[in-house]
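Student: I would like a close look at one part of this model. Please take a single helix, go through its contacts and surface, and then relate it to the rest.

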Amino acid sequence: MAAFIAENFRFLSLFFKSKDVMIFNGLVALGTVGSEELFSVVAFHCPCSPARNYIYGLAAIGVPALALFLIGVIWNNHTWNLVAECHKRGTKNFSAAATFLLFGSIMGRACVAPITWSVISLLRGEAYICALSEFVKPSSLDKFPAEYGAEVLAKFPCRDVPANLTKFRDEVTRRLRYESQLFGWLLIGIVAVLVFLTKCLKHCCSPLSYRQEAYWAQYRSNEDKLFRRTAEVHSRILAAKNVKQFFGFVALDKEEKELVQEFPVEGVQPSPQWNAITGVYIYRENKGFPLYSRLHKWAKGVEGNGPTPEGHELLFLAS
């Protein structure tokens, strides 16, 4: 089992774009592999019945993959930035290239788990064998008894067959497992080529140097961490002030008392400020100086999100 999982983990390198993304994608794929193995051992039971095998086998591969894809879309911050952008400002500031890159970023990240699920399912072969065993032509099996048809072939995945059909069951299983694993390796190859071409296209179309893109990713990562940390402290202090005003006192632990004393909070940010720093960010330069985020633009007092005559446009893709 361990060797099998390790062998099929090689294709995860296709999705590694940065250290943070590598860790994230690795954890997603690891959880997906574990879930697929648990599902195969505990939950997958081929009905071994004509017409039902095909539906059940395809559902075992496709439905979890679809669910994982939707979860990936929901968990992606770019999804909700896009929703906020469309709700507040529409898509008038988006070029065709920026829109393509944005959806490519969302879809690419969301596809890690479903592709992992599909590849592992195909390499294992059980769902594929269950789905297609009844469609094997008896004429393709040497000396297959004429009195048996699709109903018996559908029972091959369950090994519930007459003794004289054991060798045919083994041949059908071996043939279908070969096809399933072939499709699995082809899927890995196709994904590898697509990721390579996308990576090349991204760097060729980028107006930034490799080092500046790396700095941009570091800045956005640090900004996000500091923003979340500061927002958590700010909301805690504001909540403490409001609770104290209602009750006349507030029960704080030592750490919270130190925070209240060290960081006085006078009020809350107005909605226009929140709207200004929320949404999809299109890379801009103001008079030759880069603006790395919506928060950076707001701090510099720059309005708008579209490209300027002296500027460049590039959709932010780093996480």
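Tutor: The answer below starts from helix 9 and works outward to the other parts.

This is a predicted model, in which local features need pLDDT of at least 70 and side-chain atom pairs count only at pLDDT 80 or more, while totals for chains, interfaces and linings use all residues. Residues are numbered from 1 along each chain as its sequence is written, and side-chain values use heavy atoms, with hydrogens and water left out.

Helix 9 spans residues 166-205; helices here are DSSP runs of H or I of at least four residues, numbered from the N terminus. Within helix 9, glutamate 171 and arginine 175 stand four residues apart, about one turn of the helix. Their side chains form a salt bridge whose closest N and O atoms are 3.2 Å apart. The term means a side-chain nitrogen of Lys or Arg within 4 Å of a carboxyl oxygen of Asp or Glu. Glutamate 171 has a relative accessible area of 26% and is therefore partly exposed, and arginine 175, at 27%, is also partly exposed. The classes are buried under 20%, exposed over 50% and partly exposed in between, with a 1.4 Å probe and protein chains only.

Arginine 169 and aspartate 170 are joined by another salt bridge, at 3.3 Å from N to O. This pair combines a buried arginine 169, at 10% relative accessibility, with a partly exposed aspartate 170, at 33%. The structure holds six salt bridges, and one of them links arginine 124 to glutamate 126 at 3.0 Å, N to O. There, arginine 124 counts as buried because its relative accessibility is 17%, whereas glutamate 126, at 32%, counts as partly exposed.

Next comes the nonpolar surface. Tyr178, Leu182, Phe183, Leu186, Ile190 and Leu194 make a nonpolar surface patch of about 600 Å², and isoleucine 190 of this group lies in helix 9. Patch members have over 30% relative accessible area and no salt bridge; nonpolar side chains (Val, Leu, Ile, Met, Phe, Trp, Tyr) are joined within 5 Å, and like charges within 9 Å. The areas come from the Shrake-Rupley method with a 1.4 Å probe, and for residues only the protein chains shown count as cover. In soluble globular proteins, nonpolar side chains tend to be buried together.

Helix 9 also reaches the interior. The largest nonpolar core has 21 residues, among which Phe144 and Phe156 touch the most other members. Helix 9 supplies at least two residues of this core, as do helix 3 (52-75), helix 7 (126-132) and helix 8 (150-153). The top contributor is helix 7, with four residues. A nonpolar core is a set of buried Ala, Val, Leu, Ile, Met, Phe, Trp, Tyr and Cys residues joined through side-chain atoms within 4.5 Å.

Two glycines of helix 5 give further spacings. Glycine 104 is found in helix 5 (residues 96-110) and is partly exposed, since its relative accessible area is 40%. Its C-alpha atom is 9.0 Å from that of threonine 198, although the two residues are 94 apart along the chain. Glycine 108, likewise in helix 5, is partly exposed at 28%. Between its C-alpha atom and that of glycine 72, 36 residues away along the chain, the separation is 9.5 Å.

The loop between helix 2 (19-43) and helix 3 holds cysteine 48, and alanine 51 is in that loop too. Cysteine 48 has a phi near 50°, and it counts as buried because its relative accessible area is 10%. Alanine 51 has a phi of about 75°, a positive value in a residue that is not a glycine. Most residues other than glycine have a negative phi, and most peptide bonds are trans.

A charged patch completes the picture. Asp253, Glu255, Glu258 and Glu262 form a negative surface patch, and glutamate 255 belongs to helix 11 (residues 254-262). Asp and Glu count as negative and Lys and Arg as positive, with His and the chain ends left uncounted; each charge is placed at NZ of Lys, CZ of Arg, CG of Asp or CD of Glu.
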